[in-house]
Structures are given as structure tokens and as C-alpha cells.
Amino acid sequence: MIHVFTYHDKHYIYDTGSGALHECDEATARHLKGEPVAFTDEELKATLSDLAALKSSGLLDAPETNARPIKSNEVKALCLHVSHDCNLRCRYCFADEGAYHSVREVMSFETAKAAIDFLLRESGNRKVLEVDFFGGEPLMNLDVVKKTVYYAKEEGAKLGKKFLFTTTTNGLLLDDETIAFFNAEMENVVLSLDGRKQVHDEVRKTVNGKGSFDAVIEKIKRFVKARGDKHYYVRGTFTAKNLDFAKDVLFLADNGFDSISLEPVVTDIPDLQIREEHLPAIEREYELLADEYIKREAEGKGFLFFHFQIDLEGGPCLQKRVSACGAGNEYFSVVPCGDIYPCHQFAGDVNFKMGNVFEGKLDGALRAKFAESCLFTRKKCEGCFAKFICSGGCNANNYHYCGDINEPYPMTCAMMKKRIECAMHVLAERKSREK
């Protein structure tokens, strides 16, 4: 299968089987789309010859992979909900402003230890394990975060296993001591900041109803300055209230943040929800962002925007790409009482409770359901050019909006396709500069 698309005055052919991206002229693009083209005999002959050469070299109309998903019974990662409480009250929060539709509470060290023991026991031969400290706001339970890190490292070393830790934080409680701890122990840190002050303050409010931008911006800047070359992301969310979100990405870049992610909100709150009628504006905004992204990169002022980072030559192997999300099979979420869920977005849904770390057993039927889920069980993905890059979307979004983890959420699909086309154009422009 091939995908032909146009970005401004550039025309591209993407071959899903080989993963090859080709730039072509308008006439060739129209020909491949089945549109009438006024070729001369000589032009048609040359075009068909070029296409035949690509096909013979396996770079066009290449057979699609029959690679089978990589699935195992080894647990590789846990998301520890060390705090089901938060010091912000963000309107769009999927986690019910940190409470997950239950009581506000924090995880005890005893529960965190049991979770680490569960991970070590169920990790099989895996040598590298991952733990994400999540909330709510995990810094409201920083003492348990620290104790858990030290415990996991000590116990892992006994078994020849290494831990990679990540924390997601709103930054409100960052101080020099915490920054030093993060820089010493965290493989990655995700910091929540939505962009411009008026945008951020509209939805990310403190408990007393005030905007939180002024309370966090300098703390996040101080953290990033101290972070050096270690991994971090400043991650924001855009809603129907800021469909001009490219300005927010560029605002973050202009404030010295060079690793940025900005995600579309997934909510049913009417004034925040992204709807189908917003898609044309969103697609134009991704193009505006891509154009500025390319310009800044050419000027030596580039930054990393998560959704424009694709690797068509290397990247994840096809077996991993068709495996889709590992949630519910290799990756799990643990809430303060020790209950286990497929991931943080399923936490608290009794239909998806998979066990408890103190019992050490997982629901076999639920785990099998998630283990069997892959790109090939998402039937609507079959004819999509993006499938080997997207891998079929988020299980939780699919379930919450379509009722089935194997039913892709159409709004996510539409935005994903446009982001991928923009990312391909960014990649092509970068390759062109390198020649």
C-alpha cells in the first residue's frame, strides 16, 4: 500500500511495506492517485520507468510485514500511583483532579515495596525494568518516592537488574533538593506546562481556583537548567480553547525548553472537547508548527517536538510496531491500595482490576485480552498508511470512546495522520539540507 500526499508545494509517496518516503512531482502524485494527467508519451514512459525502478528495488509497493507481535509474560514496567491527590485542579484531568473518582490518599511505602517485589518476581529474564511515579501529584508523597527508588535499586542489584525511573510532575513542589534527587535518580522527568500564561491558567488552576502559571514557570526553568543533557519533557495539553496551539509550543521553546510534547485533550467537557469541526484548524496549526520547526532547525535554533520525531530507517522493529501498547500485559498501573490495572487511564475502573500486589496474581483472562490485542486485531487500521507508525492508538482512549480497546478512536486517528505527514515533511527537509 502506498500513501500519496501533498505538503504545500511538495509531493510525497510513502510506501507502508518498505517504510520508504519518496518526493515526486505533481504529475506523478496525481497519476498514483488515479487522477487524469496530461502526460506526453515521453513523460509517461519516464514516470512509469522511475516507478518500476523503485518497485524492483523493493521501495514501492513492497509486501507488508507478516511479523508477529512481540508478547511475553514478563512484566517490564509499573506505573506507581504514589499519590491519589493533587495540589492543582486542572479542568481536563482524566484522573478526576487526582482523586480517580475515589478518596484522596497516598501510597504507603509498604505498598510500594510490594509493587517492586511483584515487578522483580514477574520480570523473568528482563535485566532492565521501568518504574514511573505518577499521580495525582507524586511530589506530595516524595518521601515514599525516594524510599522506593533506593529499595528498588538495592533489590534489583541482588538479581542483576537495573531500574530506570521516571516522574511526572506539575512542578509546584519542585525545590533545589528535589531537583538534585531527580537529576541523580530519574532517567526521565515529565513536567506539565500548557504554554502561554493565559492558556495554562485557563485550565490548570490551584486548589483555591487561581491560575498556576506564575507558581510553576520559574521552578520548571530552574529544573531544566540544572538537568543538563539528561532526559526530560515539558508536556502540555491543548483544548478547544487554544486551537492556535503552535503558539504554545513555540512559547515553550522560546522559554528555553528544548524537549516538548503537546497533546490533544481527550475529554467530554463541552467547552474543552476537540470535535470534528475543529480538525481543519488543527491540521493547519500542525503545518504552521512544522514550517517554523523546519525554519528554526535550519537556523541552528531547533528543539525537539515529540510528534515530529519519526525514524523511517531505524526506529522500533516491526515486531514492536505491530505489538501495539504493552498495557495490561507487560506494563501495569498500581494504585495506593495496591490494586493493579492495565495502565493509569484504566485505574479505578472495577471492570479492569487485574489483581493486587499483595496477592501477586493477575487476572489471566484480562491479561490474555490485552496480550492478544495488537495492530492486526484493530481491523479499521488495515487500510491506514500510518498503522506501522501509530500501532493502533491508545487502548484506553479506544475503550473509553469506542467501547473496545481494538476500536481506534477516530479523532485521535485524524490528528495522528496529519502529525505523521508533517513529521515526514520535516524529515524530508532535514535530509535535503544534509545533502
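## Lys 113 in helix α3

Lys 113 belongs to helix α3, which covers residues 109-122. This description rests on a predicted model. With a relative accessibility of 30%, Lys 113 is classed as partly exposed, because that class lies between the limits of 20% for buried and 50% for exposed.

Along the chain, Lys 113 and Glu 185 are 72 residues apart. In space, their C-alpha atoms are separated by 17 Å.

## Lys 146 and the ring of Phe 181

A second lysine, Lys 146, is part of helix α4, formed by residues 142-158. Its relative accessible area is 18%. Lys 146 therefore counts as buried, since the class requires a value under 20%.

When neighbours within four places in sequence are set aside, Lys 146 is in contact with Glu 177 and Phe 181. Lys 146 is placed over the face of the Phe 181 ring, 5.6 Å from the ring centre.

## Aromatic pairs

The structure contains 22 aromatic pairs. One of them joins Phe 163 and Phe 165, whose rings are stacked, with 5.7 Å from centre to centre and 5° between the planes. Both Phe 163 and Phe 165 are buried.

Phe 181 also pairs with Phe 182, and this pair is tilted: the centres are 6.0 Å apart and the planes differ by 45°. The angle of 45° gives a tilted pair because stacked planes are under 30 degrees apart and edge-to-face planes over 60. Phe 181 is buried, at a relative accessible area of 6%, and Phe 182 is likewise buried, at 0%. Ring pairs connect Phe 181 and Phe 182 with Tyr 150 and Phe 223 in a cluster.

## Packing of helices α8 and α9

Two packed helices are described by the angle between their axes and the distance between the axes. Helix α8, residues 246-254, packs with helix α9, residues 279-298, at an angle of about 30°. Their axes are 9 Å apart. The two helices are therefore roughly parallel, as the angle falls under 35 degrees.

On the α8 side, the contact is made by Ala 246, Lys 247, Val 249, Leu 250, Ala 253 and Asp 254. On the α9 side, Glu 285, Leu 289, Glu 292 and Arg 296 take part. Sorted by class, the residues in the contact of α8 with α9 comprise five nonpolar and five charged residues, with no polar ones.

Key: Residues numbered from 1 in each chain as written. Predicted model: local features only at pLDDT ≥ 70, side-chain atom pairs only at ≥ 80, totals over all residues. Heavy atoms only, no water. Phe/Tyr/Trp six-rings, centres within 6.5 Å; stacked < 30°, edge-to-face > 60°. Buried < 20%, exposed > 50% of the residue type's maximum accessible area, 1.4 Å probe, protein only. Lys NZ or Arg CZ within 6 Å of the ring centre and 35° of its normal. Axes fitted to C-alpha atoms, helices over the stretch in contact; angles between N-to-C directions. Helix = DSSP H or I, 4+ residues; strand = E, 2+ residues; numbered from the N terminus. Parallel < 35°, antiparallel > 145°, perpendicular 65-115°, else oblique. Contact = heavy atoms within 4.5 Å. Nonpolar A, V, L, I, M, F, W, Y, C, P; charged D, E, K, R; others polar.
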